[in-house]
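Open the model in a viewer and keep a selection panel at hand. The stops below go from single residues to helices, then to domains and the pair of chains.

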Protein chains: 2
Amino acid sequence: MKISPCIVGLGYVGLPLFLRLSKNYSTIGFDINKSRIKELKAQIDLNSEYNKKELILKNNSNFTYNTKDIQRCNFFIITVPTPVYKNKKPDLRPLIIATKIISKYIKKNDIVFYESTVYPGVTEEVCAKIIEKVSKLKSQQDFFIGYSPERINPGDSKHQVENINKIVAFKKVPYEIKNKIINVYKKISKKIILSNSIKESETSKVIENIQRDINIAFVNEIFIICQKLKLNFTNIIKLASTKWNFLRFSPGLVGGHCLPVDPYYLYALAKKNKIHAKFMLAGRRVNNEMENFVYKSIIKKINFFNCRKVLIAGATYKANVADVRNSLALNIYKRLKKNKNFNTYCYDPMINNKYIKKYKILNNLNYKKNFDLIVPLVPHTKLLKNLNLYKNSNTIFFDIFDFYK
Amino acid sequence: MKISPCIVGLGYVGLPLFLRLSKNYSTIGFDINKSRIKELKAQIDLNSEYNKKELILKNNSNFTYNTKDIQRCNFFIITVPTPVYKNKKPDLRPLIIATKIISKYIKKNDIVFYESTVYPGVTEEVCAKIIEKVSKLKSQQDFFIGYSPERINPGDSKHQVENINKIVAFKKVPYEIKNKIINVYKKISKKIILSNSIKESETSKVIENIQRDINIAFVNEIFIICQKLKLNFTNIIKLASTKWNFLRFSPGLVGGHCLPVDPYYLYALAKKNKIHAKFMLAGRRVNNEMENFVYKSIIKKINFFNCRKVLIAGATYKANVADVRNSLALNIYKRLKKNKNFNTYCYDPMINNKYIKKYKILNNLNYKKNFDLIVPLVPHTKLLKNLNLYKNSNTIFFDIFDFYK
C-alpha cells in the first residue's frame, strides 16, 4: 500500500519534516492552530525558517486544521510540544490531544512515530495505550509505534534535519513495516541510526538537552563570579580553552522550549521512582538566575550614567531565531519597561512579526533616536552588525556578554 | 646570571618539571618527604610514572630534603598539593609552608612560580605577601612572581608536560626577567601561552577541573537512574553520541587530589565575597554518592548469589595510576572487607607498592583462588586484560560500569 504520511504539529520540528516528506509523498501537514495553517497556506512562516518559495506545496500535499483530512493517512509523525506546567511537572496534554486525534483514524498496519522530547516510557506506556483504547487495535500487532527524537536546532543552518544523524527506534516489526519506516525516514535524513529500543532513544534525547543546560549553567555561574570579582571572563575562557579537553560554552540567557523544560521531564520520572536526581535541576536554577543578574547589572549602569533612553537589543530566546518562548531577554525588557524613570526600547530584527506590536519591538533602527545606553542581549548576526553604527557615538555600549570580543 | 632552578614538591606535578629542567640546568628537586627523596635518589618512583633510567640525575642536579641545598637557587617553582580540610575549606598550609621555606633564601631578582591549583588571588595576595614579609624584599621590584597552572593528567601518556599548551602568567617585569621565565618554561613545554594576568590564569585552571567534575557528575546521575530503571546506559550514551554536540563522559568513581577538591577552592572565594555559587558543588554530591551506590549494588549481588569469595578489581583513584588519594574504589573495598559474611580480596596491578601491605592488595592474581564474584571498579588496561581469564569460568562477573562494552 502507498505510504501516506501525516505530520501532526507544524512548528519548528514538524514543518521541516513536512517539507522533506512532501518532496516524495502526498503529505498532510496537520496543526490545530488555525492561524499557523492559514499562514503556511499563504506561504508565510512566521518563524522565519523558510521563505515563500520553499513553502510551495508539492505532490498534492496539503496543510490542514481539519481532522477529516488525515483520514487517508497511514504514517503519522507527532511533533507537538511537550511543555511543563507552572509547577514544572510535565504537561503531556498536547501529546495526549494529538494522539487522541489520530487514534480515531488509525487503521490496521498504520505506523505512528513520535518526535517530541519526553521521559522514557511515554511513547509506549502513555501514547500507545491511548491509541489502543481509542482505536480498539493492538499495538505492535495491528499498528506499530516508534520514536525518532527531533534534533532541530533553530537558527542553526548547518545542522538541518536532512544532514544530521537521525535515530529511528522501533521494536521488532514485520518486514514490510520495517521497510516502510526506513523508506520514510531515509527521505527525512540521509543518515538514519536504527535502534530497537524506544525507551533508550527517548532517554538519549532528553539527556542531550540536559547536558547542554548543565554546561551553560556552569559557565553562567563562573561568569557571575567573574563579574562580581571583576575578573575578565573572556580572557579566562580563552586561557582554559588552551587545555585539550576544556569545553567552550558561552554564558547567556537560556530560554526556548527545550533546555528550560527537558530537565523537569527526566526529573519527574526519577522522582516517581523515588530516585534522588536533583543534580539535573541545578542548572535550571543558575540559568534562571541569569535574568535577575543581567537585569540588575543593567539597572546599575542606568543609574550610574543617569540614562534616559535605553535600548535592549534582542528579545528572542536565542541568536538568529524568531521565537520568544521562555525568552529571558524579553523578560528583562518587560521589567525595564515598567520603570518610568527612563524609557526602554527594544530592537530585534529577527523576532516573529506577531510580537512586534504586542511587545512594541523595533525591527529596524531609527537612527535619529539617540539612545543613552545600548545593551545587546541576543547575538543575532544581523543585530550585532547593525549595532556597530552606534559604537563610535556617544551612546554607552554595555556589552555584558562580550559578544564583540 | 646563570639560571638555577629549584622545584619544591616532587609529586605528580613536580617530578616531571624537575626531569625536564634537569636536562638543561643544574636543578634542585626539593621535598620535605624524606622517604620520597630517598626513593628518588635510588631511582625509584612509587607513583610508577618513571622508570629507573628516566630518574638518572643529569647536569649536577640533585634531590634533597635539606633546605640548605636550595640556597644557590634563583628560580623557584612550587608544586605542592592544595588539599581541603575535613570541613572542605581550602587548606593552604602546604603552600604556606613551602613559601616560607623558600622565602628565607629569596634574593634580589629571584623568580618564584606557583603551579598548585588555587582560587584566584592566592599567588599574589597570600604567597607573595609571605615572601615579602620573610625576605624583606618587595614583590615585582626585588623578586618576581608568576603562575603556571599544572595540567598533569596522571596515567595519560599522550598529554605530557612537554607537549601540552602551558600557560605562563606574570605581570610586567624587566626584560631580562621575562627572558629568564620564557627560557625556563620553554624547556618545560614546547608550547607556552603567555598571560599577563596571574588571577585569570589561576581561575582558568580551577574551572577546567570543576567543569570535568560537573560533567562526570551528570553522567553519574544518568547512570544511577538507568541502573534503577533497568535502562541500558551504554546503549543510551551510544545513541546520544550520534548528536553532533553530545559530550561523551564516562560514569565512574571520581577520586584523586583535583576533582574532589578544586570545586571547594573556587566556592570558598565566592562565599567569602558573598556570591551564591552552589552549582559548582552540586557535582561533588553526586560523585560522592557513587561510592554508596556502587557499594550497595555489590552487596545486592553478593546476597543474591550468596557469594563467599569476592574480588574487587582496582583500588586506585583512576585508571592506570598508582595513587589512592580520595579513592572511592579503595573505600568500597575497605567497607566490604569489614563484612564477615564473605571474604573480600582486592586486586590492583598498578597500585603504589607501599599500599600493598597496608591494605592487603593482590598485585598479581593467584589463579587458584576461585572467586565467586569479581567486580572491576578501576579500568587499568592491565587489569582488564588479566581479568579476561575469568570470563569463561564459573565466577560471576559484575561489570557495573560496562568496562568491557
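Is B:K360 buried or exposed? Select B:K360 and count the other C-beta atoms within 10 Å: there are 12, so the residue is exposed. The cut-off behind that label is 12 or fewer. Bear in mind that this is a predicted model.

**Two loop residues in chain B**

Stay on B:K360 and show the backbone. The residue is found in the loop between α11 (354-358) and β11 (373-376) of chain B. Its phi is near 55°, a positive value in a residue other than glycine. Most residues other than glycine have a negative phi.

Next select B:Q43, in the loop between α2 (34-41) and β3 (62-64) of chain B. Phi of B:Q43 is near 60°, again positive in a residue other than glycine. B:Q43 has 14 C-beta neighbours inside 10 Å, so it counts as partly exposed.

**A helix pair in chain B**

Select residues 93-103 of chain B, which form helix α3, and residues 122-135 of chain B, which form helix α4. Their axes come within 9 Å and cross at roughly 35°. The crossing of α3(B) past α4(B) is right-handed. To see the contact, show side chains for B:L95, B:I96, B:T99, B:K100 and B:S103 on α3(B), and for B:C127, B:I130, B:I131, B:V134 and B:S135 on α4(B). Coloured by class, the contact of α3(B) with α4(B) has six nonpolar, three polar and one charged residues.

**A covered helix in chain A**

Move to chain A and select residues 262-272, helix α8. Which residues of α8(A) are buried? They are A:D262, A:P263, A:Y264, A:Y265, A:L266, A:Y267, A:L269 and A:A270. That makes eight of 11 residues, and the helix is mostly covered. Add α6 (198-229) and α9 (279-305) of chain A, together with α6 of chain B, to the view: the buried residues of α8(A) pack against these helices. After α8(A) comes A:K274, whose phi is positive, near 60°.

**The domains of chain A**

Colour chain A by its domain assignment: domain 1 (5-196) and domain 2 (229-397). The centres of the two domains of chain A, taken over C-alpha atoms, are separated by 32 Å. Their contact takes 16 residues from domain 1 of chain A and 19 residues from domain 2 of chain A. On the side of domain 1 of chain A that touches domain 2 of chain A, nine residues are nonpolar, five polar and two charged.

**Where the chains meet**

Show both chains and select the contact between them, with 45 residues from chain B and 45 residues from chain A. Which elements of chain B each supply at least two residues of the side that touches chain A? They are β7 (165-170), β8 (191-195), α6 (198-229), α7 (233-240) and α9 (279-305). Of these, α6(B) gives the most, with 17 residues. This side of chain B divides into 26 nonpolar, 12 polar and seven charged residues.

Finally, superpose the copies. A turn of 180° and a shift of 0.0 Å along the axis lay chain B on chain A with an RMSD of 0.0 Å. That is the relation of a two-fold axis. The interface residues of chain B are, to 100%, also interface residues in chain A, so the copies meet through the same surface.

Terms used. Residues numbered from 1 in each chain as written. Chains lettered and ligands numbered in written order. Predicted model: local features only at pLDDT ≥ 70, side-chain atom pairs only at ≥ 80, totals over all residues. Axes fitted to C-alpha atoms, helices over the stretch in contact; angles between N-to-C directions. Helix = DSSP H or I, 4+ residues; strand = E, 2+ residues; numbered from the N terminus. Left-handed = near helix turned anticlockwise from the far one by under 90°. Contact = placed C-beta atoms within 7 Å. Nonpolar A, V, L, I, M, F, W, Y, C, P; charged D, E, K, R; others polar. Domains from an automatic or database assignment. Least-squares fit on C-alpha atoms with pLDDT ≥ 70 in both. Buried ≥ 20, exposed ≤ 12 C-beta atoms within 10 Å, placed from the backbone.
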